[in-house]
Amino acid sequence: MKIVKFGDPILRTKGKRIETITPEVKQLAAEMLETMKQANGIGLAAQQIGKALQLCVVDLSMVEDGELAGRLWIDGALVDLKTHMPLTLINPELTPVGKLRETALEGCLSFPEIFGDVSRVAHVKVAAKDLEGNPVAFEADGLLARAIQHEHDHLHGILFIDRMNAATKASLASACKKLKKQTESEGRSMDC
Ligand code: ZN
């Protein structure tokens with residue numbers, strides 16, 4: 001599937017909650033996993049493939065550095081992160097754990113070649129549904145916590161540039177403007 005780029009209004013659209021997990025939702029999730037893999041991404045939200053739904057996927061199994069990848073707790077017990085990848089999250093809700101924040105360089109598949117520092121909560125609690133409709137609850141830190149916050153933002157029409165400080169945002173402004181223009185011109189040509 002084609003990944004939607006910055007400038008497309010769908011990226012600013014809040015996703016609708018998924019009440020019933022239909023075969024179409026399962027198919028969409030499978031296609032999102034494949035698209036993310038093809039693009040070498042660690043996360044993808046439904047908005048990025050043109051659907052405003054509360055559905056995202058995250059996969060950190062390719063991250064070699066375990067310390068960087070972060071930790072995953074289920075029912076309070078630390079579990080092996082890699083065996084739980086990829087994650088498909090439906091209607092995810094996040095709660096920060098503690099006040100610690102971390103700043104790190106982030107990218108986004110909807111912003112090719114654009115990277116900037118983003119400050120995020122270091123440790124989050126996640127409540128969501130899986131593809132079987134079962135409730136899932138876990139805690140994450142490290143890159144996993146960051147990736148989930150980035151995807152959760154997408155589901156609410158929030159982009160990583162919104163989370164950057166003024167100086168970082170200013171340094172990326174012309175690149176973002178160029179990308180937006182390009183996306184908009186592609187949109188127009190598609191309408192013809
Ligand atoms: Zn993104």
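A residue counts as buried when its relative accessible area is under 20%. Keep that cut-off handy as you walk through this predicted model.

**Stop 1: the zinc ion.** Select the zinc ion and show the side chains around it. Cys-108 coordinates the ion through SG, while His-150 and His-154 each do so through NE2, at 2.0 to 2.2 Å. Along the sequence, these donors follow the spacing C-x41-H-x3-H. Cys-108 sits in strand S6 and His-154 in helix H3, so this pair ties together parts that are 46 residues apart in sequence.

Are these two residues buried or exposed? His-154 has a relative accessibility of 1%, so it counts as buried. Cys-108 comes in at 11%, so it counts as buried too.

**Stop 2: helix H3.** Now select 142-155, which is H3. The helix has 14 residues and reaches 21 Å from its first C-alpha to its last, close to the 20 Å expected at 1.5 Å a residue. Colour it by accessibility: 13 of the 14 residues are buried, so H3 is largely enclosed by the rest of the structure. Following the helix you will find Gly-157, with a positive phi near 75°.

**Stop 3: the largest pocket.** Next, select Ile-42, Leu-105, Glu-106, Gly-107 and Leu-143, the closest to the pocket's centre of the 22 residues that line it. The space here is about 480 Å³. Which strand gives the largest share of the lining? That is S6, with seven residues; show 101-108 to see this strand. H3 also supplies at least two lining residues. By type, the lining divides into ten nonpolar, eight polar and four charged residues.

Definitions and conventions
Residues numbered from 1 in each chain as written. Predicted model: local features only at pLDDT ≥ 70, side-chain atom pairs only at ≥ 80, totals over all residues. Heavy atoms only, no water. 1 Å grid on protein atoms, 1.4 Å probe; cavity = no way out; pocket = protein on both sides within 12 Å on 5 of 7 lines; lining within 4 Å. Points joined across faces, edges and corners; volume = space filled by probe spheres on them. Helix = DSSP H or I, 4+ residues; strand = E, 2+ residues; numbered from the N terminus. Nonpolar A, V, L, I, M, F, W, Y, C, P; charged D, E, K, R; others polar. Expected span 1.5 Å × (residues − 1). Buried < 20%, exposed > 50% of the residue type's maximum accessible area, 1.4 Å probe, protein only. Donors = N, O, S within 2.8 Å, 3.2 Å for Na, K, Ca; no water.
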